Every structure is written in C-alpha cells, then in structure tokens.
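Grab a coffee and load the model in your viewer. Here are a few short exercises, each with a worked solution.

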Amino acid sequence: SYRDVDSALAVGEAGRGGAGEASAAGMTPDLFEDIQLLSSLAGARRRSRIDDGAVVLERSHVVFHTDEDGRVEDLTTEPSASPSHILIEELMVLANHVAASRLVDAAEEGPAAVETEAALPQPLLRRHLDTEADVRQRILDLF
C-alpha cells in the first residue's frame, strides 16, 4: 500500500541501518532495497526534469473525519504528495516518456506520407479517419 511504501521510505531516510530497516518497515529486505533504489532513481530523474523546466503541480485532497455513526464531524485538507505518490507519479511519467519515444521512432521509420491506415504499424499507433465534416453535417441536419 502507499502507507507501507511511505513507511519504508521514512525508515530508509532515517538510516537505521542493516536488515533492521526492512523489518522496521514491515517488509522483506529485498523489497525494501528495491523500493529504496526506485525512490533514489525516481528522485534523481524528477530533479533533472524540474531543472530542465518541468512543471510541478501541487495539489491536496479533502479528508472527512466521521464519528462512530458515520456522520461528518470535521474535514481537513492534506497534501497528496506523499513520497509513495511522488514515486508512482515519476514512474508513470517515465513510462509515458518511453511509450512516446517509441511511437516517435516508429513514425520516423515509416513512410513520409501515409495515405492509408494499413501503412502504419498498427500495434503502435491507431489512427481514425477524419469524419469531422460528416459529423458536423449530421448534427446540423437534426435542426
């Protein structure tokens, strides 16, 4: 869960040392080390993207506090940017970057002017016929 990863990252940041870190975070040593490594790599990538001009959007979410009967007693806002969320966000940005790079590479390898959908590598990119004028006319015909 996000809380488990947040705990592991907090324990790792505190630097308690050795196999005790993993057990303190409640996970196996291998998983603990993998999360620490991913966080380190994602953090370096994030800093690099920000240095290169990436936009960072700060947001928060509302938390409802309820009584025993489920009635709302209070609400607070909390930042959504926990270490685990930042890690996942950065890995998603990386996955999108890799996918986009592959699409660009495939387009550069393909024909310069594509006149039919069959000429495109179908698993990489799906294109639809331009039906805007036809759709517009159908809507106008309704009135």
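**Exercise 1.** What pLDDT does the protein average, and what share of the residues score at least 70?

*Solution.* Start with the overall picture: this is a predicted model, and its average pLDDT is 80. Next, the share: 76% of the residues score at least 70. Then go element by element: helix 3 (residues 29–51) has the highest confidence, with a mean of 92, while helix 2 (residues 20–25) has the lowest, at 62.

**Exercise 2.** Work out how the span of helix 3 compares with the expected one.

*Solution.* Count first: helix 3 has 23 residues. The expected span is 1.5 Å times one less than that number, which gives 33 Å. Now check the model: first C-alpha to last is 33 Å, close to expectation. Just after helix 3, Gly53 takes a positive phi of about 105°.

**Exercise 3.** Find the residues of the largest nonpolar core and say which helix gives the most to it.

*Solution.* List the members: Val5, Ala8, Leu9, Val11, Met27, Phe32, Ile35, Ala42 and Leu87, 9 residues in all. Helix 1 (2–14) and helix 3 each supply at least two of them, and helix 1 gives the most, with 4 residues. Now zoom in on one member: setting aside residues up to four places away in sequence, Ala42 touches Leu87 and Glu90.

**Exercise 4.** Is Glu73 buried or exposed?

*Solution.* Locate Glu73 in strand 2 (residues 72–79). Its relative accessible area is 58%, so Glu73 is exposed, the cut-off being over 50%. Beyond its neighbours within four places in sequence, Glu73 is in contact with His65, Thr66 and Asp67.

Terms used: Residues numbered from 1 in each chain as written. Predicted model: local features only at pLDDT ≥ 70, side-chain atom pairs only at ≥ 80, totals over all residues. Heavy atoms only, no water. pLDDT = per-residue confidence, 0-100. Helix = DSSP H or I, 4+ residues; strand = E, 2+ residues; numbered from the N terminus. Core = buried A, V, L, I, M, F, W, Y, C linked by side-chain atoms within 4.5 Å. Buried < 20%, exposed > 50% of the residue type's maximum accessible area, 1.4 Å probe, protein only. Contact = heavy atoms within 4.5 Å.
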